[in-house]
Amino acid sequence: MTTGERKQLLFQRLMAVNDERLLEDIEALLNNRCPDDVLYFSSELRDKIDNALEQTFDQEKLRKRLCFAPHFLSSGFMGIKNLRLEVLTILWKNKADVVFVSEYNLLGLLVCFYKLLFNWNLTVVSICDDNVSMAQGTHFVKKLTRYVMLHILSIVVLADNNVLTWYESNLRFKSKYVYFPIIQSDNFFRERLLKALSISVSIADRYSLIGKKNILYVGRLVEIKNVSLLLKAFRQVNADFPDARLLIVGDGDLREDLESQVQDYISAGLIRFMGKQEGLDLLAYYNLAQIFVLPSLYEPFGTVVNEALLSGCYT
């Protein structure tokens, strides 16, 4: 995808913000940025790129999609997470126009204090994906940090429309709140689904899935995902619908234990653990499924649900 196409896709997604002035500012910033501009990221982001949420990704493919060279902040001062004093020097040296921070923490506070002391015109944007219960029940330290930062932040991007309503009713401070769901372009995603069809056909032939009721799970195999409940439920489902098949896409610490719980079903080809998949290989499974299940005990958002809906899994 060319830089121009990336920009066009970005602008399509940004339309959800519904703020013409903000869109114009972002467009001007993108158009004026030269290849030598420096972008700094928290050191945790580097770790997440390499091993995001216990998952592995094709690093070469990911890095090819970048249109800039990332630089990462060092670890926290004296081992204190997010206390990265170097950010003050970086902001001063590079004369930043816009700074994005993650939610409400020490690093965000440092950026806000820099804005307060040295550059009140600096645009500081925080991105928060809390749900309503998280926003309401946050602990005292985070609540205090949020209170201070909301008097200084320029914009807070929220991933939940209900949270936006709660913020506007209960946190009436300087910051402007905007709703921006964590989703991708529907058209782009569906184009990739079409590209994955040949892989879907191959998988369906290999595992005799044609004409079956295919149930899909996508995610990590860890305690919070509650996959053991799905395996128990499938026993009853298969008893009532012998043509049902369960596809488990993902990996994690509990894989061996989960497989041992349903070894008889695995041997019969009724349940298949497909391992970690990504890119078109992952989308191929969305194409095959009629039913999608996410049995998690807790999810901040659940992007896979959105992907399943876009793929036609309405159940």
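A residue is called buried here when its relative accessible area is under 20%, and exposed when that value is over 50%. In this predicted model, helix α11 (residues 197-206) has S200, I203 and A204 as its buried residues. They lie on the same side of α11, because the arc they cover around the axis is only 100°. Exposed residues, S198 and R206, are found on the other side of the helix. The buried residues of α11 pack against α15 (279-288). After α11 comes S208, which has a positive phi near 55°.

Confidence varies along the chain. The average pLDDT is 83, and 78% of the residues score at least 70. Among the elements, strand β8 (residues 244-249) has the highest mean pLDDT, 98, and helix α3 (residues 43-50) the lowest, 48. The pLDDT is below 50 over residues 47-55, a stretch that has 14 contacts in the model beyond near neighbours in sequence.

The structure contains 6 salt bridges. One of them joins the side chains of K213 and D243, with 3.0 Å from N to O. K213 belongs to strand β7 (residues 213-218) and D243 to the loop between α12 (227-240) and β8, so this pair ties together parts 30 residues apart in sequence. K213 is partly exposed at 38% relative accessibility, and D243 is partly exposed at 23%.

A salt bridge also links the side chains of D264 and R235, at 3.7 Å from N to O. Because D264 is in helix α14 (residues 263-267) and R235 in helix α12, the pair ties together parts 29 residues apart in sequence. D264 is partly exposed, with a relative accessible area of 45%; R235 is partly exposed at 32%.

The salt bridge between R255 and E259, 3.0 Å from N to O, lies within one element. Both residues are in helix α13 (residues 255-261), and they are separated by about one helical turn because they are 4 residues apart. R255 has a relative accessibility of 21% and counts as partly exposed; E259 is partly exposed with a relative accessible area of 21%. E103, D130 and K142 are joined into one network by salt bridges that share partners.

The surface also carries a nonpolar patch formed by F77, M78, I80, L85, L88 and L106, with a combined accessible area of about 560 Å². Of these residues, L106 is located in helix α6 (residues 106-118) and is partly exposed, at 37% relative accessible area.

N187, in helix α10 (residues 186-195), is exposed because its relative accessibility is 56%. Its C-alpha atom is 9.4 Å from that of L310, although N187 and L310 are 123 residues apart along the chain.

Definitions and conventions. Residues are numbered from 1 along each chain as its sequence is written. This is a predicted model: local features need pLDDT of at least 70, side-chain atom pairs count only at pLDDT 80 or more; totals for chains, interfaces and linings use all residues. Side-chain values use heavy atoms; hydrogens and water are left out. pLDDT is the predictor's confidence in each residue, from 0 to 100. Helices (H or I, at least four residues) and strands (E, at least two) are DSSP runs, numbered from the N terminus. Contact means heavy atoms within 4.5 Å. Buried means under 20% relative accessible area, exposed over 50%, partly exposed in between (1.4 Å probe, protein chains only). Patches are made of residues with over 30% relative accessible area and no salt bridge: like charges are joined within 9 Å, nonpolar side chains (Val, Leu, Ile, Met, Phe, Trp, Tyr) within 5 Å. Accessible areas come from the Shrake-Rupley method with a 1.4 Å probe; for residues, only the protein chains shown count as cover. A salt bridge is a side-chain nitrogen of Lys or Arg within 4 Å of a carboxyl oxygen of Asp or Glu. The arc is that of the directions from the helix axis to the C-beta atoms.
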